[in-house]
Amino acid sequence: MIRAFETHKIRRTKELSSCLWKFHTVTEEGDGQSISVAVPGCWETYPETVNYRGKGSYSREFEAGGNIRLEFKGVSHTATVRVDGQQVATHYNAYTPFDVVMKDMKPGTHGLEVEADNAFGPDSALHVPNDYQSYGGISRGVILEELGDIYISWMHFTPLWKGSWQGTVQINLCNLTDRPYIGTLKLSLDGKEFYACPVQLEGGETRVVETGELSFEQAKSWSPEEPVLCMLGAVICDAGGTPVDDLIDRIGFREVRVEGKDILLSGKKLFIKGFCRHEDHPQFGCALPFEAMQYDLMVAKDLGANSIRTSHYPNDELFLDLCDEQGILVWEENHARGLSEENMRNPHFEQQCEDCIREMITAHYNHPSIYIWGILNECASHTEYGKSCYTAQYDLIRKLDPYRPRSSASCQFKTDICFGLPEVVSYNIYPKWYHDTPVKEYLEDLYQWVQTDTEGKGKPFLITETGAGAIYGYRTPAKVKWSEEYQAEALKQQITAVFEQEGCSGIYIWQFCDVRVCDSWFSIRPRTMNNKGIVDEYRRPKLSYEVVKSLYKSKGNYRE
C-alpha cells in the first residue's frame with residue numbers, strides 16, 4: 001500500500017512492493033544464500049540478518065515496455081538500482097523518495113535489482129551510529145509507472161486566506177521526447193474542473209506551470225476538529241484534447257503563520273500536545289505496515305495528543321496521509337540528529353542535508369497536517385560554523401516553501417546563536433532526568449534567557465522534547481529512575497510546568513514508544529533501547545500513560 005487514495009486514473013501504475021522478492025547479503029566473501037522476503041521490509045527482521053550491517057540485494061522481475069518510471073519511497077540507507085544488469089540510479093538517505101525514468105524500453109520481462117547498504121562510513125554524514133536504529137532494506141513502497149510522451153512529475157497547492165479561500169497551483173511537466181509538445185493542462189477539485197490553460201514544451205524540456213491566485217470561496221477549512229480534505233486533479237491533454245497523463249493529490253484549506261509569540265492555524269492560536277515518534281517496531285523494524293501506523297495514531301489520540309514530531313527524519317507518506325485524515329498536526333524534519341561541528345564538517349554533510357530537504361518538501365508539500373518544517377535536531381547551533389549550516393538550510397526551505405514556519409530542536413542551553421533564523425524557537429529539555437533541577441525553575445530560567453538575551457525574543461516557543469526513561473514492568477515503592485513510578489511523576493512535573501509557562505505554544509514528549517538504538521549506545525541505553533516511551537516497543541502502556549492522558553485531555557488545541 002503506497003498511499004491512502006488513488007493517485008492516477010489515466011497513468012498506468014503497478015505496485016512492485018507488497019509481494020515477495022529474492023534477497024541475499026553481499027559481502028567480500030561472496031553472496032549469501034537467497035531467500036524470499038516481503039517488501040517493504042527491513043533485513044533486521046529476517047532470522048539470519050538481525051544484526052547485519054553491510055550490503056543486501058533485492059531482486060524480482062517485472063513486465064513493461066516503452067517509457068517507464070520507477071519510484072522508490074525509501075531504501076535504507078543507500079541504494080543502487082539496476083535494470084537488466086545495467087545501473088540506472090543511485091540514492092542516499094533512507095527516508096526520502098527517489099525515481100528513475102527509462103525511455104523506450106523493449107516490451108517484455110525485465111530484471112530489477114536494488115542493492116541496499118546500511119553500513120556506516122565517511123561517505124555518510126547523516127546515517128551514523130545513533131540513538132535510534134539505522135535499518136537496512138527496501139523499507140517503503142516501490143511503484144512502476146508507464147508514461148507517454150509527457151508526464152506530470154509533481155504538483156503543489158498553496159492555500160491562501162484573504163477573507164475567503166484562495167489558492168495557487170504549481171505543476172511540473174516533463175517532455176520525454178525531442179519534439180515540441182502542444183496541449184492543454186486542466187485542473188479539477190473534487191471532480192469539478194476549475195482551470196485550464198494551453199501548454200507548450202520544447203523537446204526534452206521540464207517546466208513548472210503556475211496558475212496564479214484562484215478563488216475557492218466554497219471551500220471548507222481543514223482543522224484538527226474537522227480535517228476536511230479535497231481531491232486535486234491535474235490532467236494533461238494532447239492537441240486533439242485526448243487525456244495523456246494525470247496526477248491526483250489530496251489537499252486541505254488551512255493557513256499556518258506566526259504572529260508574535262503565537263503559531264496560528266487559520267487564525268487560531270495553536271497549542272501543541274504531541275509526541276516524538278520513531279518509525280520503529282520489534283516485528284517490522286522501520287517498515288511499519290498500514291495497520292501498525294494507524295494503531296500508533298489511535299493510541300496517540302487516546303492519550304489526547306494533537307501532534308506528532310517525525311523525529312528525526314521524513315516519514316512514510318502513508319503515515320502522513322493518515323495524519324491528514326485524522327487532523328493530527330505534524331512537525332516534519334530533515335534527517336540529522338546530535339551532530340557535532342566535526343560531524344557537520346564532513347564534506348558530504350551539507351549536500352546530503354539539502355538533498356533530503358528538497359526531496360522531503362517536494363514529496364510532502366501538499367499535506368495539510370504538516371504545519372512546520374524542522375532541521376538539524378540537537379546539532380552545533382552554538383558555533384559559527386554550525387550557524388552557517390543552519391542558515392543555508394533554512395534559506396533552502398524558505399525558497400521551496402515560503403509559507404510554513406521553520407524551527408530546530410536545540411539542546412544548547414543558553415549558548416544557541418541561531419534563534420534569529422527560524423520563525424519558532426524550540427528546545428529539548430530533561431530536568432528530572434539528566435539533572436535534578438526543578439522543572440518550573442529550569443524552564444522559566446531558559447525562557448527568560450531566550451526573551452532577554454537572544455534573537456528569539458518575541459517568537460513562539462516550543463518544548464520539542466522532555467521526558468524520562470522507564471523499563472516496562474519495573475515498579476518499585478522507591479520510585480527510582482528507570483522505574484515506571486519515577487517516569488510517571490517526572491512527566492507530571494514536566495508537562496505541568498510547560499502548560500503553565502507563559503509564552504509557550506506546546507510540548508512534545510520524548511517519546512511515543514520505546515525504540516531500538518545502535519549497539520554502540522549500549523552503555524547508556526538499557527536493553528539497547530531508548531526506554532523513554534509512554535508505551536513500550538510492543539505498545540504496552542506504562543504507568544505514565546494515564547498521567548499523560550489526564551493532563552493532555554485537560555488542555556484544548558488552542559491558546560486563549
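Visitor: What makes the largest cavity, with a volume of about 90 Å³, a cavity?

Guide: In this predicted model, the largest cavity has a volume of about 90 Å³. The word applies because a 1.4 Å probe fits at its points but cannot get out. By this rule there are four cavities of 30 Å³ or more.

Visitor: Which residues line the largest cavity closest to its centre, and which elements give two or more residues to the lining?

Guide: Its lining has 19 residues, and those closest to the centre are Tyr390, Ser408, Ser410, Asp416 and Phe419. Two or more residues come from each of H5, strand E28 (409–410) and strand E29 (425–428). By class the lining divides into 11 nonpolar, six polar and two charged residues.

Visitor: What lines the second largest cavity?

Guide: The second largest cavity holds about 60 Å³ of space. Its lining consists of Lys73, Tyr95, Pro97, Arg140, Asn315, Asp316, Glu317 and His364. Four of these residues are charged, two are polar and two are nonpolar.

Visitor: Why is the space of about 870 Å³ called a pocket?

Guide: The largest pocket has about 870 Å³ of space. A pocket is an open set of points, whereas a cavity is one that the probe cannot get out of, so the two names are kept apart. Of the 37 residues lining the largest pocket, Arg69, Glu71, Lys73, Ser153 and Glu317 are the closest to its centre. Elements that give two or more residues to this lining include strand E1 (12–15), strand E5 (55–72) and helix H4 (349–364). The largest share, six residues, is from E12. The lining has 15 nonpolar, 14 charged and eight polar residues.

Visitor: How do you know that glutamine 393 is buried?

Guide: Glutamine 393 has a relative accessibility of 0%, and therefore counts as buried, the cut-off being under 20%. Glutamine 393 is in helix H5 (residues 384–400). Leaving out residues up to four places away in sequence, it touches Asn334, Phe349, Glu350, Cys353, Glu354, Ile357, Ile375 and Leu376. Leucine 376 is 17 residues from glutamine 393 in sequence, with 9.1 Å between their C-alpha atoms.

Visitor: Why is glutamate 455 called exposed?

Guide: Glutamate 455 has a relative accessible area of 56%. Exposed means over 50%, so the word applies. Glutamate 455 sits in the loop between H6 and strand E30 (461–465). Not counting residues up to four places away in sequence, it touches Lys387, Phe419 and Gly420. The C-alpha atoms of glutamate 455 and valine 425 are 9.6 Å apart, and the two residues are 30 places apart along the chain.

Visitor: What makes the pair of phenylalanine 23 and tyrosine 46 edge-to-face?

Guide: A search of the whole structure finds 27 aromatic pairs. In the pair of phenylalanine 23 and tyrosine 46, the ring centres are 5.2 Å apart and the planes meet at 65°. Centres within 6.5 Å make a pair and planes over 60 degrees apart count as edge-to-face, so both parts of the name hold. Phenylalanine 23 is in strand E2 (residues 19–27), and tyrosine 46 is in the loop between strand E4 (35–39) and E5. The pair links distant parts of the chain, 23 residues apart. Phenylalanine 23 is buried at 2% relative accessibility, and tyrosine 46 is buried at 8%.

Visitor: Why does the pair of phenylalanine 157 and phenylalanine 216 tie together separate parts of the sequence?

Guide: Phenylalanine 157 is in strand E12 and phenylalanine 216 is in the loop between strand E17 (214–215) and strand E18 (230–237), so the pair joins parts 59 residues apart in sequence. This pair is also edge-to-face, with 5.8 Å centre to centre and 85° between the planes. Both phenylalanine 157 and phenylalanine 216 are buried. Ring pairs link these two with Trp161, Trp165, Phe194 and Phe253 in a cluster.

Visitor: What makes a set of residues a nonpolar core, and which members of the largest touch the most others?

Guide: Buried nonpolar residues belong to one core when they are joined through side-chain atoms within 4.5 Å. The largest nonpolar core has 72 residues, of which Phe275, Tyr427 and Phe461 touch the most other members. Helix H6 (residues 439–453) gives the most to this core, seven residues. Another core, of 29 residues, lies apart from it and includes Phe23, Phe62, Ala64 and Val100.

Visitor: Which residues are in contact with phenylalanine 461?

Guide: Neighbours within four places in sequence aside, phenylalanine 461 is in contact with residues including Val425, Tyr427, Leu443, Leu446, Tyr447 and Val450. Gly503, Cys504, Ser505 and Gly506 are also among its contacts.

Conventions
Residues are numbered from 1 along each chain as its sequence is written. This is a predicted model: local features need pLDDT of at least 70, side-chain atom pairs count only at pLDDT 80 or more; totals for chains, interfaces and linings use all residues. Side-chain values use heavy atoms; hydrogens and water are left out. On a 1 Å grid over the protein atoms alone, a cavity is a set of points where a 1.4 Å probe fits but cannot get out, and a pocket is an open set with protein on both sides within 12 Å along at least five of seven lines; lining residues have an atom within 4 Å of a point. Grid points are joined across faces, edges and corners, and a volume is the space filled by probe spheres set on the points. Helices (H or I, at least four residues) and strands (E, at least two) are DSSP runs, numbered from the N terminus. Ala, Val, Leu, Ile, Met, Phe, Trp, Tyr, Cys and Pro count as nonpolar, Asp, Glu, Lys and Arg as charged, and the others, Gly among them, as polar. Buried means under 20% relative accessible area, exposed over 50%, partly exposed in between (1.4 Å probe, protein chains only). Contact means heavy atoms within 4.5 Å. Rings of Phe, Tyr and Trp (its six-membered ring) pair if their centres lie within 6.5 Å; planes under 30 degrees apart count as stacked, over 60 as edge-to-face and the rest as tilted.
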